Amino acid sequence: MEHAQIAARLTSPEGFLELCDESGVMGAKKKAKAAFELWSQADQKYVGTYRGIPAPGGKGTGFVIRLFWDPTTTTPDLAAIEAAIHGAVPVDLIQADEKATYKLRDKKQGPFFHWQGMSSRPLSQWFGERFGVGACATQLFDRSDLTQDVAVVAVTGGVDHLWSFTAPQ
């Protein structure tokens with residue numbers, strides 16, 4: 001499904017719920033309603049591309065760099081980005097961003113995560129300057145962190161909000 005088609009479906013909380021990878025989980029409807037409210041009030045918004053790439057510096061399940069961009073304005077070199085993650089990006093920058101992302105996360109980790117405030121942080125700026133994409137680092141929670149492919153981004157009051165999903169077939 002094309003990004004424009006997905007964006008056209010985000011006209012109600014049910015549109016977010018349909019995108020959710022785990023829509024049957026308790027609390028999904030409440031999270032979808034909150035996502036829709038942010039989306040509806042956004043100063044800027046787009047449905048774009050998401051890509052999760054495993055990153056160094058984490059313990060346990062490891063870290064993932066969550067990349068997101070608007071494909072109507074950006075065509076990033078994913079091979080160069082992946083090489084940068086495993087070589088050029090300072091590990092301490094990844095670790096610092098993971099801590100900041102964790103502190104700013106939606107504390108009710110339910111059926112889908114909501115990340116916020118990425119564009120103002122150094123890691124996202126690093127990727128933006130070099131590749132034209134937004135980014136944040138998080139703990140690798142689930143295999144879907146690496147397989148999801150849709151980014152829903154809303155900017156409200158200068159703060160960006162990111163939800164990542166798997167595109168409907």
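**Note on a predicted single-chain model**

1. Glu129 and Arg130 are joined by a salt bridge, in which the closest N and O atoms are 3.7 Å apart. Of these two residues, Glu129 counts as exposed at 65% relative accessibility, whereas Arg130 counts as partly exposed at 45%. This and every other point below concerns a predicted model, and the distances and areas quoted are to be read in that light.

2. The structure holds six salt bridges, and two others deserve a word here. In one of them the side chains of Glu18 and Arg9 meet, with 2.8 Å from N to O, and Arg9 is partly exposed, its relative accessible area being 33%. In another, the side chains of Glu82 and Arg51 meet at 3.8 Å, again from N to O. Glu82 belongs to helix H4 (residues 78–85) and Arg51 to strand S1 (residues 44–55), so this pair ties together parts that are 31 residues apart in sequence. Glu82 is partly exposed, with a relative accessible area of 34%, and Arg51 is likewise partly exposed, at 30%.

3. What does the overall fold look like when read along the sequence? The chain contains seven helices and six strands, and their order follows the pattern α-α-α-β-β-α-α-β-α-β-α-β-β. For a chain of 169 residues, a compact globule would have a radius of gyration near 15 Å, and the value for this chain, 15 Å, agrees with that expectation. The C-alpha trace spans about 40 × 35 × 35 Å along its principal axes.

4. Some figures for the chain as a whole help to place the local details. Buried residues make up 47% of the 169 residues, while the chain exposes about 8400 Å², of which carbon and sulfur atoms supply 54%. Among the contacts with a separation of 6 or more, residues 24 or more positions apart account for 68%.

5. Helix H4, already met through Glu82, merits a closer look. Ile81, Ala84 and Ile85 are buried in this helix, and, seen down the axis of H4, its buried residues fall within an arc of 100 degrees, so they line one face of the helix. An α-helix has 3.6 residues a turn, so residues three or four places apart point the same way. What do the buried residues of H4 pack against? Their partners are S1, strand S2 (63–69), helix H5 (91–104) and helix H6 (122–131). At the N-terminal end of H4, Asp77 acts as a cap, with a side-chain oxygen lying 3.2 Å from the backbone nitrogen of Ala79.

6. Arg66, which is placed in strand S2, should be examined with some care: is this arginine buried or exposed? At 1% relative accessibility Arg66 counts as buried, because the cut-off for that class is under 20%. The side chain of Arg66 makes a polar contact with the side chain of Tyr50 at 3.0 Å, and a further polar contact, at 3.1 Å, with the side chain of Asp145. When neighbours within four places in sequence are left aside, the residues in contact with Arg66 include Arg51, Trp115, Cys136, Phe141 and Ser164. Arg51 is thus both a contact of Arg66 and a partner of Glu82 in the salt bridge described above.

7. His114 is found in the loop between H5 and strand S3 (115–116), and at 11% relative accessibility this histidine counts as buried. Which side chain does the side chain of His114 meet in a polar contact? The partner is the side chain of His161, at 2.8 Å. Ser144 lies 30 residues from His114 in sequence, and the C-alpha atoms of the two are 14 Å apart in space.

8. Thr72 offers a contrasting case, since this residue, in the loop between S2 and H4, is exposed, with a relative accessible area of 69%. The side chain of Thr72 makes a polar contact with the side chain of Asp70, at 2.7 Å. Thr72 and Pro56 are 16 residues apart along the chain, and their C-alpha atoms are separated by 30 Å.

Key
Residues are numbered from 1 along each chain as its sequence is written. This is a predicted model: local features need pLDDT of at least 70, side-chain atom pairs count only at pLDDT 80 or more; totals for chains, interfaces and linings use all residues. Side-chain values use heavy atoms; hydrogens and water are left out. A salt bridge is a side-chain nitrogen of Lys or Arg within 4 Å of a carboxyl oxygen of Asp or Glu. Buried means under 20% relative accessible area, exposed over 50%, partly exposed in between (1.4 Å probe, protein chains only). Helices (H or I, at least four residues) and strands (E, at least two) are DSSP runs, numbered from the N terminus. The arc is that of the directions from the helix axis to the C-beta atoms. Contact means heavy atoms within 4.5 Å. A polar contact is a pair of N or O atoms within 3.5 Å; within protein, one must be able to donate a hydrogen and the other to accept it, and residues adjacent in sequence count only if both atoms are side-chain atoms. The radius of gyration is taken over C-alpha atoms; the globule rule is 2.2 Å times the number of residues to the power 0.38. Accessible areas come from the Shrake-Rupley method with a 1.4 Å probe; for residues, only the protein chains shown count as cover.
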